[in-house]
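Good morning, colleagues. Please take a moment to look at the sequence and the structure on the screen before I begin.

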Amino acid sequence: VKLLGNAISFAVTRSASWLLSNICRVPEPSFKEIENIIPVLCFYFANLKDDEILQNVAWTLSYISSTEEGIDEILCYDVTRRRLVALLEDSPPTHCLPYLRTIGNIISGSEKQAAQMLKEKKLFPTLLKLLDFENKQMKKEILLLLSNITIGSPAQSEKIMGNPAFVEKILNAVKHNDPEIKKEAIHVLLNSTVDGTPEQMMRP
């Protein structure tokens, strides 16, 4: 982790970030083994500029955010949440997967954890824009993220299902030729019916 702050060589910093992401991937270490690195990781994530390093650190955060304990620790740092959305908005679509995965993991946590992530106003227009990008893995990841929102409270689901532009794109995905994309899109719609209000259920 200390090598992420190496100001002498980008090669060293990139190697350190790649190694860390692989250490945290398979098998995932326990929370106790990694909790002390999260504050340092979030600090570097907020301040580093190199795209490759940022993606590697984001992959590490995505593995850490696979548990509620990890999510809680990441959410202690508002700047990390804002940085994830800013990078999702500004990066080329092909570089967005680790940011999407981390955001999706946070949203799939508790209702309180999801609410903290959903406070980021730029998240929704950015997701809407990325849905137009024709990449199977990206489209599936976004639809999975949306289904994690619509399975939440009625207020959270409304952020998606109350937006005609989202509904149109989700319905288009239901008609997609790829069965995996179609399946994820159907999950978005089905999840919205679980805790939907009568008014939401009656909406045309």
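I shall speak about one helix, the core, an aromatic pair and several salt bridges. Please bear in mind throughout that this is a predicted model.

Let me begin with helix α4, which covers residues 51-64. Does its length agree with what one expects of its 14 residues? At 1.5 Å a residue the span should be 20 Å, and the end C-alpha atoms are indeed 20 Å apart, so the two values agree. At the N-terminal end, D50 acts as the cap of α4. One of its side-chain oxygens lies 3.3 Å from the backbone nitrogen of E52.

How much of α4 is covered? The helix is mostly covered, with 11 of its 14 residues buried. Among them are I53, L54, V57, A58, L61 and I64, but also polar side chains, including Q55, N56, T60 and S62. Which helices do these buried residues pack against? They pack against α1 (10-23), α2 (31-34), α3, α5 (68-75), α6 (78-90) and α7.

That brings me to the nonpolar core. The largest one has 55 residues. Helix α4 supplies the largest share of this core, namely seven residues. The residues with the most contacts inside the core are F45, L88, I103, I107, L127 and L146. Take L88 as an example. Leaving aside residues up to four places away in sequence, L88 touches C96, Y99, L100, I103, L123, T126, L127 and L130.

F45 and Y99 deserve a further word. The model holds three aromatic pairs. In one of them, F45 and Y99 are tilted relative to each other, with 6.5 Å from centre to centre and 50 degrees between the planes. This pair links distant parts of the chain: F45 belongs to helix α3 (residues 38-47) and Y99 to helix α7 (residues 97-107), 54 residues apart. Both F45 and Y99 are buried.

I turn now to charged side chains. The count of salt bridges comes to 11. One of them returns us to α4, where the side chain of E52 meets that of R14 at 3.7 Å, N to O. E52 lies in helix α4 and R14 in helix α1, so this pair ties together parts that are 38 residues apart in sequence. Are these two residues buried, exposed or in between? E52 has a relative accessibility of 40% and therefore counts as partly exposed, and R14, at 31%, also counts as partly exposed.

Elsewhere, the side chains of D178 and K136 meet in a salt bridge at 3.3 Å, N to O. Here too the pair links distant parts of the chain, with D178 in the loop between α12 (164-174) and α13 (179-192), K136 in helix α10 (residues 136-150), and the two positions 42 residues apart. D178 counts as buried because its relative accessibility is 17%, whereas K136 is partly exposed at 37%.

E180 forms a salt bridge with K140, and their closest N and O atoms are 2.6 Å apart. Since E180 lies in helix α13 and K140 in helix α10, the pair ties together parts that are 40 residues apart in sequence. E180 is partly exposed, with a relative accessible area of 36%, and K140 counts as partly exposed at 24%.

How are these four residues related? K136, K140, D178 and E180 are linked in a network of salt bridges. Thank you for your attention.

Conventions: Residues are numbered from 1 along each chain as its sequence is written. This is a predicted model: local features need pLDDT of at least 70, side-chain atom pairs count only at pLDDT 80 or more; totals for chains, interfaces and linings use all residues. Side-chain values use heavy atoms; hydrogens and water are left out. Rings of Phe, Tyr and Trp (its six-membered ring) pair if their centres lie within 6.5 Å; planes under 30 degrees apart count as stacked, over 60 as edge-to-face and the rest as tilted. Helices (H or I, at least four residues) and strands (E, at least two) are DSSP runs, numbered from the N terminus. Buried means under 20% relative accessible area, exposed over 50%, partly exposed in between (1.4 Å probe, protein chains only). The expected span of a helix is 1.5 Å times one less than its number of residues. Contact means heavy atoms within 4.5 Å. A polar contact is a pair of N or O atoms within 3.5 Å; within protein, one must be able to donate a hydrogen and the other to accept it, and residues adjacent in sequence count only if both atoms are side-chain atoms. A nonpolar core is a set of buried Ala, Val, Leu, Ile, Met, Phe, Trp, Tyr and Cys residues joined through side-chain atoms within 4.5 Å.
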